[in-house]
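Colleague: I have a model open in front of me and would like to learn how to read it. Could you take me through it step by step?

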Amino acid sequence: MMKSYWLCVTLAFASFAWGQTPASTATSPPAAAPAPVAITDSDLKSVETPKAEARAKGDPDGSLTGTAADVAVADSKKGMTIGDLVNQVGQNKIAINFVWTLIAGFLVMFMQAGFAIVETGLCRAKNANHTMMMNFTVYGVGMLSYYLIGFAIQMGGVGAVANLGSMPVLNSEFAITLFAKPFGIFGQNGFFLMHSGAYDVAVMVVFLFQMVFMDTALTIVTGTAAERWKFSAFILTSFFMGAFTYPIFANWAWGGGWLANLGANFGLGHGYADFAGSGVVHAVGGLSALGMGILIGPRLGKYDRKGNPNAIPGHDIVLVLTGCFILAFGWFGFNPGSTLGASGNGNLRIGSIAVNTMLAGMAGGFGAMLYMWIRYGKPDASMSGNGLLAGLVAITAPSGFVNPVCSVIIGVIAGVLVCLAVEFFDKVMKVDDPVGAISVHGVNGLWGVISVGLFADGRSNYGGSWNGVNGSVTGLFYGDPGQLVAQLMGVSALVGFVFTLNFVFGLLVEFMVGQRVPAKDELEGLDLPEMGALGYPEFELKTRAVGV
Amino acid sequence: MILVALVITLFGFIVSVLSLGMASAIFVRLAMVIAGIALSFVGIGMLTAAYGKNAVWRK
C-alpha cells in the first residue's frame, strides 16, 4: 500500500516536471523568405473548390462552407479575377462594420428598457404606469422627430464616413464665418431619409445608430420630471429635444460642426473630442433635465416649510438594480459601437474600449457604495446603482482615448461625484430629482468631457487623425493643454447654450399646455388621472407619512 | 429675474466663444472659457433662486 502511494507521488511530480519543461529552444537559422510573386487571374483558376458530391453530403465540420466558390464573379465566362477578389475583400470589410454598428445600435436600443425600469423603480407605485409610459412613448416620439428633422440637422453635413463605405450624400453644412473661420451650425441634407440621395445603405446604418443615442438623451429628462409631469407637456418637450436641442449640439460635436473643428481651425488639440457621448448624449439630457427640474418645481412633500428635504423612497429596488445591469449591458453597444466599425482604421481598439467601459462602471459602483457606507453607515443600494451608471456616463467620452488605469480613476471620481451632486441638488439647489438623473448624466457627463482633456494618452489611432487633425487625441497630463481648452469649450456650449435653449422651449410649453399636473392629481398618483389605469391594480397602495 | 438669469447663462457661452477670436495664447483662452462657464453657472443659480421664491413648499 505504502509502495503504491510513493509510486503515485513520484509519477505525479514527474508528470508535473514534464509539463513544466520548456520547449526546446534550439534554433536553426530561418530559411530565406521566397521572393514575392504577383498573383494573376490565372492563379485564381487553380484554386480548388469543394466538389459537388462532397457538398451534397452536408458539411458538419464547416470546412466546405465559405470558400472561393462563394466569391461573386462579375463575368462567369472569365471566372474569378483579381478584381472580383479585391471587391469581395472591400465588401467584407464594410459588411463587418455594418453588422458591428447595427448590433451595437440594437444593444443601445435595449437601454430604453433599462431606463424605464430604473426610473419606475425609483418612483412610487402610484406613478408606475405614468413613468413607464413616458419611457415607452419617448422612444416613438423621439424617433419621429429625429426622422423628420433631427437627423438632417445633426448629420446632414458630416461628409464621408470611411468605416461605412463613405457617404458623399450627407455633405451640406450651414456655416457662418467667425474670426475668419467657418463655424458649422447645422446640417441640411437627409430629411425624411430621402432628401438629396439619403436613401443609401450606409446612411441607414448611421441613422439607426444615431437615433438610439438621441433617444437615450431624451429619456433622461423623464426621470427628473417624474411623478408630476403632464403627459402632453412631456410629448411636446421630447419632440423638440429630438428635433432641435440634441441634433444641434450633436452636429457641433459629431456632424462636422464648429466644436469638432476647434483643432483644425484654432489649434486647440484635436477639437472637441467626445468619443461616445458623455457630452452629446448624457450632458445634453442631464442639463435639459436640470432645466426641467427648476421649471417644474419639486414634488409635493419633498420639502417641509423650512425647506428641509424629505426622502421619498422608490417602490422597487429590484427593478432599479436590474435596470442598472441592463444599462451596463447596453453600454457595450454605446462605447465600442461608436467606432462605427470593427475592421480597419484602428478599429481593433474596440477591445480596449469595452474593457475601459466595464472598469469605469465597476469603479463608479464601488466609489459610490464606499462613499455612502462611510458617510451614512450603510452601502445604499440605489446610490450604488447610480454610481455604476455615473462611472459608465463618465467613461463614455474618454473610452476611446484613455488607458485602463485612467478609466478606473475616472470611474471612482464619478462614483463619489454622483453622491456629492445628489446631496448638492437636493439640499442646496432644492431641485427635486427623483432618480438622480441630473447628477448621474449631467454632472458626470460634464466630468467625462473634461476627463478627455486630462487623461487622453495619445495612444489611440483611428486612421491616423481625429477631427481632421493628424495624430492621436492627447490630454493635459500627457502634454497637450489645448485639448483641455477644446473640451471646456464643449462644456461651456452645453451649460450656456444647450441649457438655455431647452429651458426657453420649456417656458413655451409651460405657456401652451402647462408643465405640471394639478396638485390633486399628484397626490392621487398620476396613473389614473393621466393614464386612465393603475400600474398595479390589484395592490392596495398605502400612503406614507412623508411621501404624500 | 428669469430673463436676466437666462441672458447671463447664455452670455457665459458667448464669452467662451469670444476667446477664440480675442486671444491666441492657450492660457488666456483657458481663463476666458473657465470664466464663461462660471458665468453660466451663476445664471443657472439665479434661475433656481428665482423659481425657489415661489416654490410649492413655501406656500
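Modeller: Happily! Let's begin with confidence: pLDDT is the predictor's confidence in each residue, on a scale from 0 to 100. That matters here, as this is a predicted model. Over residues 7–26 of chain A, pLDDT stays under 50, and the model has zero contacts for them beyond four places in sequence. Residues 1–5 of chain A are likewise under 50, again with zero contacts beyond four places in sequence.

Colleague: What is the average pLDDT of chain A?

Modeller: Chain A averages 92, and 93% of the residues score at least 70. For chain B the mean is 95, with 100% of its residues reaching 70 or more. As for the scores of the model itself, ipTM is 0.98 and pTM is 0.91.

Colleague: Now the interface. How much area do chain B and chain A bury between them?

Modeller: The general idea is that the size of an interface is often given as the accessible area lost when the parts come together. In this model chain B and chain A bury about 2,800 Å², and 83% of that is on carbon and sulfur atoms. B:Phe13, B:Leu20 and B:Trp57 supply 25% of the area that chain B buries against chain A, more than any other three residues. In terms of contacts, 29 residues of chain B meet 38 residues of chain A.

Colleague: How many salt bridges and polar contacts cross between the two chains?

Modeller: The rule finds zero salt bridges across this interface, while two residue pairs are in polar contact, both at pLDDT 80 or more. On the side of chain B that touches chain A, the elements giving two or more residues are helix 1 (2–22) and helix 2 (26–52) of chain B. Helix 2 of chain B gives the most, with 13 residues. The residues on that side of chain B divide into 18 nonpolar, eight polar and three charged.

Colleague: Where should I look for a salt bridge, then?

Modeller: The structure holds six over all chains. One to look at joins A:Arg124 and A:Glu227, whose closest N and O atoms are 3.2 Å apart. This pair links distant parts of the chain, 103 residues apart: A:Arg124 is in the loop between helix 4 (82–122) and helix 5 (128–155) of chain A, and A:Glu227 is in the loop between helix 6 (201–224) and helix 7 (231–254) of chain A.

Colleague: And aromatic pairs? Why is the pair of A:Phe174 and A:Phe186 classed as it is?

Modeller: Look at the angle between the ring planes: under 30 degrees counts as stacked. A search of the whole structure finds 36 aromatic pairs over all chains. The rings of A:Phe174 and A:Phe186 have centres 4.8 Å apart and planes at 15°, so this pair is stacked. A:Phe174 lies in strand 1 (residues 173–178) and A:Phe186 in strand 2 (residues 181–187) of chain A, so the pair ties together parts 12 residues apart in sequence.

Definitions and conventions
Residues numbered from 1 in each chain as written. Chains lettered and ligands numbered in written order. Predicted model: local features only at pLDDT ≥ 70, side-chain atom pairs only at ≥ 80, totals over all residues. Heavy atoms only, no water. Contact = heavy atoms within 4.5 Å. Buried area = accessible area lost by both parts, 1.4 Å probe. Salt bridge = Lys/Arg side-chain N within 4 Å of Asp/Glu carboxyl O. Polar contact = N/O pair within 3.5 Å; in protein donor to acceptor, adjacent residues only side chain to side chain. Helix = DSSP H or I, 4+ residues; strand = E, 2+ residues; numbered from the N terminus. Nonpolar A, V, L, I, M, F, W, Y, C, P; charged D, E, K, R; others polar. Phe/Tyr/Trp six-rings, centres within 6.5 Å; stacked < 30°, edge-to-face > 60°.
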